[in-house]
Amino acid sequence: MSAAPQPSPDALLVPIAPRIPAGEVAFATLRQAIISLALPPGMPLSRANLAARLQVSQTPVREALSRLQDEGLVTVVPSASTHVARIDLDNARQAHFLRVSLELELGRKLAGAPPPALAARLAEHLAEQRRLIGQDGFAAADDAFHARLYEAAGMSGLWALVRSRSGHLDRLRRLNLPSPGKMEAVVEEHGRIAEAILARDTAATEAALRQHFSATFSRIPAVLARYPDYFAPG
């Protein structure tokens with residue numbers, strides 16, 4: 001008697017698509033809504049309403065809000081209220097200090113020995129940013145340029161750290177973006193950073209990075225005057 005035909009393991013043992021936990025999705029969605037100012041500073045948050053909007057149970061929403069509270073992006077008053085945290089300028093300054101410190105070192109490292117593919121990658125990022133000037137996707141393209149520097153230097157884990165500490169700074173940057181000429185200036189500054197790195201000019205790289213990072217805090221008085229309710233007292 002001949003053996004019964006057996007299906008090939010290749011036909012059965014196919015990769016299983018990973019299922020992203022609802023809490024992770026809720027966290028990423030709510031965090032992006034806060035950073036983008038779709039959920040503005042001071043806005044009350046209801047677990048029930050958020051769960052209904054996200055079509056999940058309240059448990060993953062509770063988990064997400066707890067993580068956002070740890071990042072300082074959500075304020076919870078026990079037995080009273082939960083709301084989007086107002087922008088804390090001291091927190092933003094500390095995140096800014098962290099970014100400047102790290103990216104100056106990254107710039108020196110990259111200018112010392114630019115990876116072969118970096119020129120093409122940075123050119124792609126700059127072209128994408130020019131295309132998105134005046135559009136909602138510009139902020140993400142801005143972040144992608146900086147993320148590429150961390151990746152090129154073999155420091156992607158530090159980019160994740162920076163992102164987790166930069167919620168207040170990122171919202172401040174978002175408030176600056178609509179300023180006339182701001183997006184164009186960002187692209188020009190990124191272009192100077194890329195040019196200096198690829199020219200292996202360490203001093204020019206440092207100068208370009210410092211100039212780029214100085215812009216956000218130079219406009220604080222104007223932003224405070226326009227959006228006073230978005231900022232924490234003091």
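**Close-up 1. The second largest cavity of this predicted model.** Here we're looking into a space of about 70 Å³. Nine names make up its wall: Ile35, Ala139, Asp142, Asp143, Arg163, Asp170, Arg173, Arg174 and Leu177. Two elements, α7 and α9, each give two or more residues to this lining. Sort the wall by class and you get six charged residues, three nonpolar ones and no polar ones.

**Close-up 2. The largest cavity, with about 170 Å³ of space inside.** The structure holds two cavities of 30 Å³ or more, and this view shows the largest. Its lining runs to 14 residues. Which of them lie nearest the centre? Those are Asp142, Arg173, Lys182, His212 and Thr216. Asp142 and Arg173 may ring a bell, since both also line the second largest cavity. As for where the wall comes from, at least two residues each are supplied by α5 (89-112), α7 (138-152), α9 (167-176), α10 (182-198) and α11 (202-218). The class tally for this lining is five charged, five polar and four nonpolar residues.

**Close-up 3. Helix α6 packed against α7.** Take α6, residues 118-131, and set α7 beside it: the axes sit 9 Å apart, at an angle of about 170 degrees. An angle that size makes α6 roughly antiparallel to α7. On the α6 side, the contact is made by Leu118, Arg121, Leu122, His125, Leu126, Glu128 and Gln129. Facing them from α7 are Phe138, Ala141, Asp142, Ala144, Phe145, Arg148, Leu149 and Ala152. Count up the classes and this contact has nine nonpolar, two polar and four charged residues. Asp142 turns up here again, having already appeared in the lining of the second largest cavity.

**Close-up 4. Where α5 runs past α8.** Helix α8 covers residues 156-165, and its axis comes within 10 Å of the α5 axis. The two cross at roughly 165 degrees, so α5 and α8 are roughly antiparallel to each other. How is the crossing handed, left or right? As α5 passes α8, the crossing is left-handed. From α5, look for Asn91, Ala95, Leu98, Arg99, Leu102 and Glu103. They meet Leu158, Trp159, Val162, Arg163 and Arg165 of α8. Six residues of this contact are nonpolar, four are charged and one is polar. Arg163 does double duty on the list of names, since it also lines the second largest cavity.

**Close-up 5. The crossing of α2 and α4.** The players are helix α2 (residues 22-35) and helix α4 (residues 58-70), whose axes come within 8 Å and cross at roughly 50 degrees. That angle makes α2 oblique to α4. Here the crossing is right-handed. Which α2 residues take part? Ala22, Gly23, Glu24, Ala26, Phe27, Leu30, Arg31 and Ile34 do, and they meet Pro60, Glu63, Ala64, Leu65, Arg67 and Leu68 in α4. By class, the contact splits into nine nonpolar, four charged and one polar.

Note on methods:
Residues are numbered from 1 along each chain as its sequence is written. This is a predicted model: local features need pLDDT of at least 70, side-chain atom pairs count only at pLDDT 80 or more; totals for chains, interfaces and linings use all residues. Side-chain values use heavy atoms; hydrogens and water are left out. Axes are lines fitted to C-alpha atoms, for helices over the stretch in contact, and angles run from 0 to 180 degrees between N-to-C directions. Helices (H or I, at least four residues) and strands (E, at least two) are DSSP runs, numbered from the N terminus. Angles under 35 degrees count as roughly parallel, over 145 as roughly antiparallel, 65 to 115 as roughly perpendicular and the rest as oblique. A crossing is left-handed if the near helix is turned anticlockwise from the far one by less than a right angle, and right-handed if clockwise. Contact means heavy atoms within 4.5 Å. Ala, Val, Leu, Ile, Met, Phe, Trp, Tyr, Cys and Pro count as nonpolar, Asp, Glu, Lys and Arg as charged, and the others, Gly among them, as polar. On a 1 Å grid over the protein atoms alone, a cavity is a set of points where a 1.4 Å probe fits but cannot get out, and a pocket is an open set with protein on both sides within 12 Å along at least five of seven lines; lining residues have an atom within 4 Å of a point. Grid points are joined across faces, edges and corners, and a volume is the space filled by probe spheres set on the points.
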